[in-house]
Amino acid sequence: MSLPILLAPSLLSADFMNLERDVKTLESGNADVLHVDVMDGHFVPNITIGPPVVAALRRITDLPLDCHLMIEKPDDFIPTFAEAGADWISIHQETSPHLHRSLALIRSFGKKAGIVLNPVTPIEFCFDAAEYADYILLMSVNPGFGGQKFIASFYRRAEKLRSFLDNNGLGKVEIEVDGGIKIENALDAVRAGANILVSGSGIFSGDVAENLHTMRRAVNA
Ligand code: DX5
Ligand code: ZN
């Protein structure tokens, strides 16, 4: 099965004082999805944005909002993010002892449900839950900050996960990669099995729309 390749710029690298302008620039560069990084200062050592900003984004764009919840007790906030206008909601395996229930909760709002694994969390930890998810996000940096160096073990992890999914009737489950993705390594990430590419600092340096076009050409090579 060939899944569409989606470019998901991370708003973490946007200019928060000019968020609407940056969203419009991403739209003009044909971004497919907007990746929204939600951090709580507990699960990860940083605090970012929450439901009011998601609601504000919802008012200015029709692009899907991909909310990556890097927070403890995500179940407590899934309804709030769903009501704020998230389209996709992903939760970390490391914060979610009842993954089956949490994924069902996300889907109960009609949203796409994702499982996130940190860079060295065993890939097998998502296998039994994968059939209840729409996508698996493999972190290729330790979550918490933009602009970190890509961790190359992502490649073999994505290959292993893609084969597991394809060999178990789960070819529709998508793989998202997040962290250190630039124009230079985007195609390698796709070849390893990712079809949703998050990129923050790689897109928000220089000409944002041009970077998106260049990344699109690179992954379609
Ligand atoms: C990191 C976030 C990422 C981050 C990626 O915790 O989940 O989405 O914004 O930024 P870059 O692409 O700069 O590594
Ligand atoms: Zn993210």
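Val-116 stands opposite Leu-137 in β6, and I would like to start from that pair, in what is a predicted model, and work outwards. The two strands involved are β5, residues 112-117, and β6, residues 135-139, and they pair in the parallel sense over four bridges. As a reminder for those of you new to this, strands of a sheet pair through backbone hydrogen bonds, either parallel or antiparallel.

If we follow β6 to another of its partners, we come to β7, with which β6 pairs in the parallel sense over five bridges; here the bridge partner of Tyr-135 is Glu-174 in β7. How many of the residues of β7 are buried? In this strand, residues 174-178, five of the five residues are buried, so that β7 counts as mostly covered. Glu-174, Glu-176 and Asp-178 point one way from the strand, while Ile-175 and Val-177 point the other way, and all of these are buried.

Let us now step back to the whole sheet, which is open and made of eight strands in the order β1-β8-β7-β6-β5-β4-β3-β2, with parallel pairing. Because β1 (6-9) and β2 (34-39) stand at the edges and each has a single partner strand, one side of each is left without a neighbour in the sheet. On average, neighbouring strands of this sheet are turned by 25° against each other, if we ignore direction.

Ala-8 is a useful residue to look at in the edge strand β1. Is Ala-8 buried or exposed? Ala-8 has a relative accessible area of 1%, and is therefore buried. Leaving aside residues up to four places away in sequence, Ala-8 touches Val-33, His-35, Ile-196, Leu-197, Val-198 and Ser-199. The C-alpha atoms of Ala-8 and Ile-181 are separated by 11 Å, although these residues are 173 apart along the chain.

Now to the helices, for which one general point helps: an α-helix has 3.6 residues a turn, so residues three or four places apart point the same way. In helix α1, residues 19-28, the buried residues are Leu-19, Asp-22, Val-23 and Leu-26. They cover an arc of only 100° around the axis, and therefore lie on the same side of α1. What covers these buried residues includes β1, β2, α2 and α7 (208-219), and just after α1 we find Asn-30 with a positive phi of about 65°.

Helix α4, residues 99-108, can be read in a similar way, with Leu-99, Ser-102, Leu-103 and Ile-106 buried. Why do they fall on the same side of α4? They do so because they cover an arc of only 95° around the axis. These buried residues pack against α3 (78-84), β4 (88-92) and β5, whereas the face turned away from them carries the exposed residues Arg-101 and Ser-108. Just after α4, Gly-110 takes a positive phi of about 75°.

Finally, let us turn to ligand 1, which has 20 residues around it, and of these Asp-37, Gly-144, Asp-178, Gly-200 and Ser-201 come nearest. Asp-178 is already familiar to us as one of the buried residues of β7. Among the polar contacts, a polar side-chain atom of Ser-201 lies 2.5 Å from an oxygen atom of the ligand, and a polar backbone atom of Gly-144 is 2.7 Å from an oxygen atom of the ligand. His-35, which we met as a residue touched by Ala-8, has a side-chain N or O atom 3.3 Å from an oxygen atom of ligand 1.

How values were computed: Residues are numbered from 1 along each chain as its sequence is written. Chains are lettered from A and ligands numbered from 1 in the order in which they are written. This is a predicted model: local features need pLDDT of at least 70, side-chain atom pairs count only at pLDDT 80 or more; totals for chains, interfaces and linings use all residues. Side-chain values use heavy atoms; hydrogens and water are left out. Two strands pair if DSSP finds at least two bridges between them. Axes are lines fitted to C-alpha atoms, for helices over the stretch in contact, and angles run from 0 to 180 degrees between N-to-C directions. Buried means under 20% relative accessible area, exposed over 50%, partly exposed in between (1.4 Å probe, protein chains only). The arc is that of the directions from the helix axis to the C-beta atoms. Contact means heavy atoms within 4.5 Å. A residue is near a molecule or strand if one of its heavy atoms lies within 4 Å of it. A polar contact is a pair of N or O atoms within 3.5 Å; within protein, one must be able to donate a hydrogen and the other to accept it, and residues adjacent in sequence count only if both atoms are side-chain atoms.
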